[in-house]
Amino acid sequence: MSDPTWGNHKKIIRDAGLAPNGEMKDINTYPYIDTKTNTKLDFDGMIECLKTKPNPGDVILLHACAHNPTGVDPTPEQWGQIRAVMKERKLVPFFDCAYQGFATG
């Protein structure tokens with residue numbers, strides 16, 4: 001899941017029994033916001049993490065649009081690159097679409 005993410009994502013994952021051994025410490029995160037600006041996507045950090053950290057078959061939580069809590073979305077071109085990495089690495093996307101229609105998605 002992204003770092004940062006909506007506060008309830010961790011609780012939902014834990015309570016649904018999706019955390020390995022029930023431990024949130026075993027849930028990996030990927031960088032999302034550029035900490036220098038706090039207004040731009042850290043796309044390089046995100047894509048590098050997706051290329052190296054998860055294992056094939058891992059589920060990756062993505063915000064379809066209006067990322068919560070940042071409001072920052074990937075561009076259409078960046079979504080294409082995310083898709084390519086997910087496909088190449090055999091990662092499983094899981095989309096939070098709570099704000100579909102309120103932003104770019």
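The exercises below, each with a worked solution, concern a predicted model.

**Exercise 1. Cysteines**

Work out how many disulfides the structure holds, and why cysteine 97 is not bonded to cysteine 65.

*Solution.* Begin with the cut-off, under which two cysteine sulfur atoms must lie within 2.5 Å to be counted as a disulfide. Next, take the sulfur of cysteine 97, whose closest cysteine sulfur belongs to cysteine 65 and is 7.2 Å away, so the two are too far apart for a bond. The count for the structure is zero disulfides. As for surroundings, cysteine 97 is partly exposed at 40% relative accessible area, whereas cysteine 49, with a relative accessibility of 11%, is buried.

**Exercise 2. The aromatic pair**

Find how many aromatic pairs there are, and decide whether the rings of tryptophan 79 and phenylalanine 95 are stacked, edge-to-face or tilted.

*Solution.* The count comes to one aromatic pair. In this pair, the ring centres of tryptophan 79 and phenylalanine 95 are 6.1 Å apart and the planes stand at 50 degrees, so the arrangement is tilted; planes under 30 degrees apart would have counted as stacked, and those over 60 as edge-to-face. Then place the two residues: tryptophan 79 belongs to helix H3 (residues 76–89) and phenylalanine 95 to strand E4 (residues 92–96), and the pair therefore ties together parts 16 residues apart in sequence. Finally, consider accessibility, where tryptophan 79 is partly exposed at 22% and phenylalanine 95 is also partly exposed, at 40%.

**Exercise 3. Valine 59 and the surface**

Determine whether valine 59 is buried or exposed, and which residues make the nonpolar surface patch.

*Solution.* Valine 59 is located in strand E3, which covers residues 59–63. The relative accessibility of valine 59 is 55%, and because exposed means over 50%, this residue counts as exposed. Turning to the patch, Val59 makes it together with Val92 and Phe94, and the nonpolar area comes to about 280 Å².

**Exercise 4. The surroundings of proline 31**

Establish where proline 31 lies, and which residues it touches once those up to four places away in sequence are set aside.

*Solution.* Proline 31 is found in strand E2, made of residues 30–31, and with 29% relative accessibility it counts as partly exposed. Leaving out residues up to four places away in sequence, proline 31 has contacts with Asp3, Asp42, Gly45, Met46 and Cys49. The last of these, cysteine 49, is the buried residue met in the first exercise. For a distance to another part of the chain, take arginine 89, which is 58 residues from proline 31 in sequence and 18 Å from it in space, C-alpha to C-alpha.

Notes. Residues numbered from 1 in each chain as written. Predicted model: local features only at pLDDT ≥ 70, side-chain atom pairs only at ≥ 80, totals over all residues. Heavy atoms only, no water. Buried < 20%, exposed > 50% of the residue type's maximum accessible area, 1.4 Å probe, protein only. Patch = residues over 30% accessible without salt bridge, like charges linked within 9 Å, V, L, I, M, F, W, Y side chains within 5 Å. Areas by Shrake-Rupley, 256 points an atom, 1.4 Å probe, with all protein chains shown as cover. Salt bridge = Lys/Arg side-chain N within 4 Å of Asp/Glu carboxyl O. Helix = DSSP H or I, 4+ residues; strand = E, 2+ residues; numbered from the N terminus. Contact = heavy atoms within 4.5 Å. Phe/Tyr/Trp six-rings, centres within 6.5 Å; stacked < 30°, edge-to-face > 60°.
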